[in-house]
Amino acid sequence: LHVSLSPDVVLSLIVLPDVLCVTVIQGQDGWGVTYTSTQICALQGSTVEMPCTYRYPSTMSHQTTEVVKRLWFTKGSNKAPVDLKTDSDYTGRVEYFFDNNDCTLRISDLRERDSAEYKFRFITNHDGFTGSPGVTLSVTDLQVQVTRSWTQGELRCHSSCNVPDNPSYVWFNNGQKMDGETSSSLRVSVEDNNSYSCAVTGYEDYRSPPVYGPKLPSVSVSPSGEIKEGSSVTLTCQSNNGNPELQPLSENTPLVFRSIQSSDSGEYYCTAENELGRRTSRSISIDVKYGPKLPSVSVSPSAEIVEGSSVTLTCSSDANPAAKYTWYKENLYFRPPREGPQLVFSSIQSSDSGQYYCTAENELGTKTSQYKSIDVKCE
């Protein structure tokens with residue numbers, strides 16, 4: 001890019017160099033600043049040069065032109081620029097190369113805040129001139145980009161700048177340098193939960209932000225304590241991803257039971273997954289407590305009951321915790337009460353004929369069975 005301006009250029013209007021700087025045809029009246037590049041991208045911590053040359057008329061109004069001051073600036077106006085050499089943000093990091101008509105600028109140990117438009121200005125015994133527009137510098141850091149298959153992840157050390165000369169890289173695993181890894185890419189297992197960062201060789205102090213696989217997740221249950229059938233229960237999977245740059249592949253949606261049932265009892269676990277890997281939690285047991293279901297009474301043997309034979313009545317009900325059973329006969333109160341899941345007649349008598357039923361009871365409720373008729377035949 002060539003920037004030039006005459007102090008008294010007539011282009012349908014009169015333009016003064018200290019008031020307005022515009023790009024005009026090279027060579028007009030001998031004033032100009034030439035930047036080799038007007039857009040530069042560089043890595044944080046590196047050194048950048050902005051090659052530059054300038055020119056001016058050797059004489060004006062029969063008087064020799066002499067340069068009295070040269071500087072680069074990013075702050076201030078064309079008339080009141082802040083010299084980079086005196087800017088506290090650049091202390092010890094700026095060099096000027098002002099041999100003959102050279103005006104090259106070098107900045108070392110770049111910081112992200114150095115991103116700005118840089119302009120060269122020179123002042124003569126006749127006039128002042130600023131090369132505008134100047135050189136736009138963008139300072140960026142490295143980033144680790146992640147792509148993955150089902151079993152492997154690939155990390156790539158990336159910058160929005162085109163890093164020149166195909167440099168070698170340094171990789172860090174949990175903050176420790178990895179020997180022998182100098183490529184811009186690195187393969188890792190998706191079950192890996194370590195942290196990784198990278199840097200350009202020679203600039204190890206300027207590492208990329210680390211990326212992490214998910215930490216081992218855990219499952220929490222709310223509310224805590226005993227779970228009763230019909231209540232609302234929420235299971236939440238929690239994992240410290242540790243890296244906001246890597247988004248989870250699926251949202252962390254809680255598992256909600258609006259009215260939990262006995263059939264929902266079992267072992268539950270979850271997986272935490274991001275672009276770098278996945279981890280599986282330990283299982284947690286869900287034990288849903290419920291009152292007895294309607295009990296049923298069965299008779300063994302199921303054939304005709306003959307006086308003197310052995311007969312067993314069994315009461316069964318699904319309950320958690322297990323139910324306590326009590327037996328009853330219509331119009332008869334057993335003394336003492338007959339308890340237990342079975343009522344056994346070792347030698348049944350005709351007087352034992354009648355309607356039998358049972359109750360199933362636990363701390364959450366009581367249920368009563370339907371009647372079971374026993375008809376004992378005389379031998």
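Visitor: Where is N331 placed, and what makes this residue count as exposed?

Guide: The place of N331 is the loop between β36 and β37. Those names refer to DSSP runs, numbered from the N terminus (strands: E, at least two residues; helices: H or I, at least four). Its relative accessible area is 78%, and exposed means over 50%, buried under 20%, partly exposed in between (1.4 Å probe, protein chains only). So N331 is exposed, at 78%. Its phi is near 65°, a positive value in a residue other than glycine. Mind that this is a predicted model: local features need pLDDT of at least 70, side-chain atom pairs count only at pLDDT 80 or more, and totals for chains, interfaces and linings use all residues. Residues are numbered from 1 along each chain as its sequence is written, and side-chain values use heavy atoms, with hydrogens and water left out.

Visitor: Which residue in the loop between β36 and β37 follows a cis peptide bond?

Guide: P336, which lies in that loop. Its cis bond is with R335, and omega is about -10°. Another cis bond joins S300 and P301, with omega about 0°; P301 is found in the loop between β33 (296-300) and β34 (305-306).

Visitor: What about N100, is that residue buried or exposed?

Guide: Exposed, because its relative accessible area is 70%. N100 lies in the loop between β12 and β13, and its phi is positive, about 50°, although N100 is not a glycine.

Visitor: How do you know that β6 and β13 pair?

Guide: Count the bridges. DSSP must find at least two between the strands, and β6 and β13 (residues 104-107) have three, in the antiparallel sense. So they qualify as a pair, since three bridges satisfy the rule of at least two. One such match is V48 with I107 in β13. The pair belongs to an open, antiparallel sheet of three strands, ordered β6-β13-β12.

Visitor: What makes β6 and β12 the edge strands?

Guide: β6 (48-50) and β12 (94-97) each pair on one side only. From one strand to the next the twist averages 20°, an angle between lines fitted to C-alpha atoms (for helices over the stretch in contact) on a scale from 0 to 180 degrees between N-to-C directions.

Visitor: Why is the link between E95 and R106 called a salt bridge?

Guide: The term needs a side-chain nitrogen of Lys or Arg within 4 Å of a carboxyl oxygen of Asp or Glu. The closest N and O atoms of E95 and R106 are 3.4 Å apart, so the pair falls within the 4 Å limit. E95 sits in strand β12 and R106 in strand β13, eleven residues apart. E95 is partly exposed at 36%, and R106 at 25% is partly exposed too. Salt bridges with shared partners join E49, E95 and R106 into one network.

Visitor: And D114 with R93: are these residues buried or exposed?

Guide: Buried: D114 has 1% relative accessibility, and R93 has 5%. Their side chains meet in a salt bridge at 2.8 Å, N to O. The structure holds eleven salt bridges.

Visitor: What does the side chain of R121 make a polar contact with?

Guide: With the side chain of T130, at 2.9 Å. A polar contact is a pair of N or O atoms within 3.5 Å; within protein, one must be able to donate a hydrogen and the other to accept it, and residues adjacent in sequence count only if both atoms are side-chain atoms. R121 is in strand β14 (residues 116-124) and is buried, at 5%.

Visitor: Which residues touch the most other members of the largest nonpolar core?

Guide: Of its 29 residues, these are M50, W72, L105, Y118, F120 and L137. To be in a core, a residue must be a buried Ala, Val, Leu, Ile, Met, Phe, Trp, Tyr or Cys, joined through side-chain atoms within 4.5 Å. Leaving aside neighbours within four places in sequence, M50 is in contact (heavy atoms within 4.5 Å) with residues including I40, W72, L105 and V135.

Visitor: Which face of strand β26 is covered?

Guide: In β26 (residues 233-238), V233, L235 and C237 form the covered face, while T234, T236 and Q238 form the uncovered one. In a regular strand, side chains alternate between the two faces of the sheet.
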